[in-house]
Amino acid sequence: MRTTPAAVLAALLFLGCGPQDALIDDLEAEEAEVGQALVAGLRGRPLGLDVAQWNVMWLGNTRFGPTDEADQLARVSALIRSANVDLWALQEVSSQAAFDALVAQVPGSEGLAATDPRVSGGTSWYSHEEQRPALLFKTRAVTLNSARLVLTGSASTFAGRPPLEANLSIHINRKTFDLTVIVLHLKAGTGLDDRARRVTASALLQAHVATLSGPVMVLGDWNDRLHGSIAPGQTSPFENWTSSPTTWVTEPLEGQGLASSVFGSFIDHALVTPALLARHQGSSVFDPRAGFPNYRNTTSDHFPVLHLFTMESAR
């Protein structure tokens with residue numbers, strides 16, 4: 001049986017633990033947000049940081065992806081609302097207007113797509129219906145400090161989709177820490193040239209992450225595996241990270257033989273620096289197809305991946 005935020009609060013009061021106002025506020029806010037879980041297990045937790053990633057398959061594009069744009073938007077927003085996660089990293093958002101509509105359907109949230117005016121030069125790199133990375137987050141838990149596109153000089157290596165980098169302040173239960181998030185979408189395809197671009201992009205990302213300080217998370221649609229490659233007979237294009245202090249928090253999921261897409265491979269990864277790994281409490285992937293009939297044709301061809309972090313040891 002799932003323990004609700006209200007039950008946790010009642011237990012604390014009963015035990016006379018003298019819960020802090022911030023604890024009460026966070027639990028009450030979480031209780032107000034919780035609705036029916038549309039995907040079993042895909043649910044954020046009170047008092048910790050929840051980060052989810054999801055490729056939403058040409059959301060808002062009238063030429064590619066699901067043909068009923070309004071239905072896809074309704075399905076995506078319903079899943080995001082029911083998950084009640086603090087921070088979403090999305091890929092294949094393909095219309096600023098559609099993304100604005102999505103944010104409007106998730107109460108208490110704010111959004112940042114690569115074409116947002118707060119992202120300098122974003123519209124120079126992403127056209128009207130082009131796939132772009134985006135963030136959607138609860139305003140009571142996350143504050144955007146700054147955002148930019150990175151590695152734009154090598155945009156072709158990233159299939160014309162330079163990564164979105166955002167500096168955030170996380171504030172939950174009167175604890176706070178700063179977090180840098182990089183959302184990416186690497187070159188798709190099983191060809192040798194496709195893999196070669198992923199190899200180069202991975203090396204560029206590693207060098208860039210090495211210049212950053214504090215907790216960093218790099219996540220999105222990497223379009224390849226950590227063990228082997230979707231390119232037949234090839235090794236993973238991400239082996240360069242073995243010399244880095246970063247950790248793939250999705251590696252255990254791939255190691256269990258799980259998939260992050262309808263194609264059967266685990267290609268939606270996340271890696272974290274040591275400062276964030278110390279807070280990591282687990283990652284999971286969720287297949288929504290049982291609750292979303294005809295999922296691939298109406299919603300997405302990728303599955304949401306959820307990462308849980310503790311706020312303990314934050315300043």
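1. Definition and model. A residue is called buried when its relative accessible area is under 20%, exposed when that area is over 50%, and partly exposed in between. By this definition, both Asp 194 and Lys 187 are buried. The structure discussed here is a predicted model.

2. The salt bridge of Asp 194. Asp 194 and Lys 187 form a salt bridge with each other, in which the closest N and O atoms are 2.7 Å apart. The structure holds 12 salt bridges. Among them are those that share partners and thereby join Glu 110, Asp 116 and Arg 118 into one network.

3. The sheet that contains β1. Six strands make up an open sheet with the order β3-β4-β2-β1-β12-β11, and their pairing is mixed. At the edges stand β3 (109–113) and β11 (280–285); each has a single partner strand, so one side of each is left without a neighbour in the sheet. From one strand to the next, the twist averages 15 degrees. As general background, strands of a sheet pair through backbone hydrogen bonds, in either the parallel or the antiparallel sense.

4. Strand β1. How many of the 11 residues of strand β1 are buried? The number is 10, so this strand (residues 49–59) is largely enclosed by the rest of the structure. Strand β1 runs antiparallel to strand β12 (residues 305–309), and five bridges join the two. Within this pairing, Asp 50 stands opposite Leu 308 in β12. With β2, strand β1 pairs in the parallel sense over six bridges, and Trp 54 stands opposite Leu 90 in β2. The chain passes from β1 through α3 to β2, a β-α-β crossover that is right-handed.

5. The β3 and β4 pair. Strands β3 and β4 pair over five bridges in the antiparallel sense. Here Leu 112 stands opposite Leu 135 in β4.

6. Helices against this sheet. Helix α3 lies across β1, β2 and β4, and runs at about 170 degrees to β1. Helix α4 (residues 96–104) lies across β1, β2, β3 and β4, at about 165 degrees to β3.

7. A salt bridge between a loop and a strand. Asp 86 forms a salt bridge with Lys 138, with the closest N and O atoms 3.6 Å apart. Which parts of the structure does this pair tie together? Asp 86 lies in the loop between α3 (69–83) and β2 (87–93), whereas Lys 138 lies in strand β4 (residues 132–138), so the pair ties together parts that are 52 residues apart in sequence. Asp 86 counts as buried because its relative accessibility is 2%, a value to be read against the cut-off of under 20%. Lys 138 is likewise buried, at a relative accessible area of 7%.

8. The sheet that contains β5. An open sheet of six strands follows the order β5-β6-β7-β8-β10-β9, with mixed pairing. Its edge strands, β5 (142–149) and β9 (247–248), each pair on one side only. Strand β8 (residues 216–221) pairs with strand β10 (residues 268–272) in the antiparallel sense, over five bridges. In that pair, Val 218 stands opposite Leu 271 in β10.

9. A salt bridge between two strands. The side chains of Glu 165 and Arg 148 meet in a salt bridge, at 2.9 Å from N to O. This pair links distant parts of the chain, for Glu 165 is in strand β6 and Arg 148 in strand β5, 17 residues apart. Are the two partners buried or exposed, or in between? Glu 165 counts as buried, at 8% relative accessibility. Arg 148 is partly exposed, because its relative accessible area is 41%, a value that falls between the 20% and 50% limits.

10. Helix α6 and His 208. Helix α6 (residues 192–209) lies across β5, β6 (164–172), β7 (175–185) and β8, and runs at about 160 degrees to β7. His 208 lies in this helix, α6, and is buried, with a relative accessible area of 12%. Which residues is His 208 in contact with, leaving aside its neighbours within four places in sequence? They are Arg 148, Val 150, Leu 151, Glu 165 and Ile 182. Two of these names, Arg 148 and Glu 165, belong to the salt bridge described in the preceding point.

Note on methods:
Residues numbered from 1 in each chain as written. Predicted model: local features only at pLDDT ≥ 70, side-chain atom pairs only at ≥ 80, totals over all residues. Heavy atoms only, no water. Pairing = 2+ DSSP bridges. Helix = DSSP H or I, 4+ residues; strand = E, 2+ residues; numbered from the N terminus. Contact = heavy atoms within 4.5 Å. Axes fitted to C-alpha atoms, helices over the stretch in contact; angles between N-to-C directions. Salt bridge = Lys/Arg side-chain N within 4 Å of Asp/Glu carboxyl O. Buried < 20%, exposed > 50% of the residue type's maximum accessible area, 1.4 Å probe, protein only. Right-handed = clockwise from strand over helix to strand, strands pointing away.
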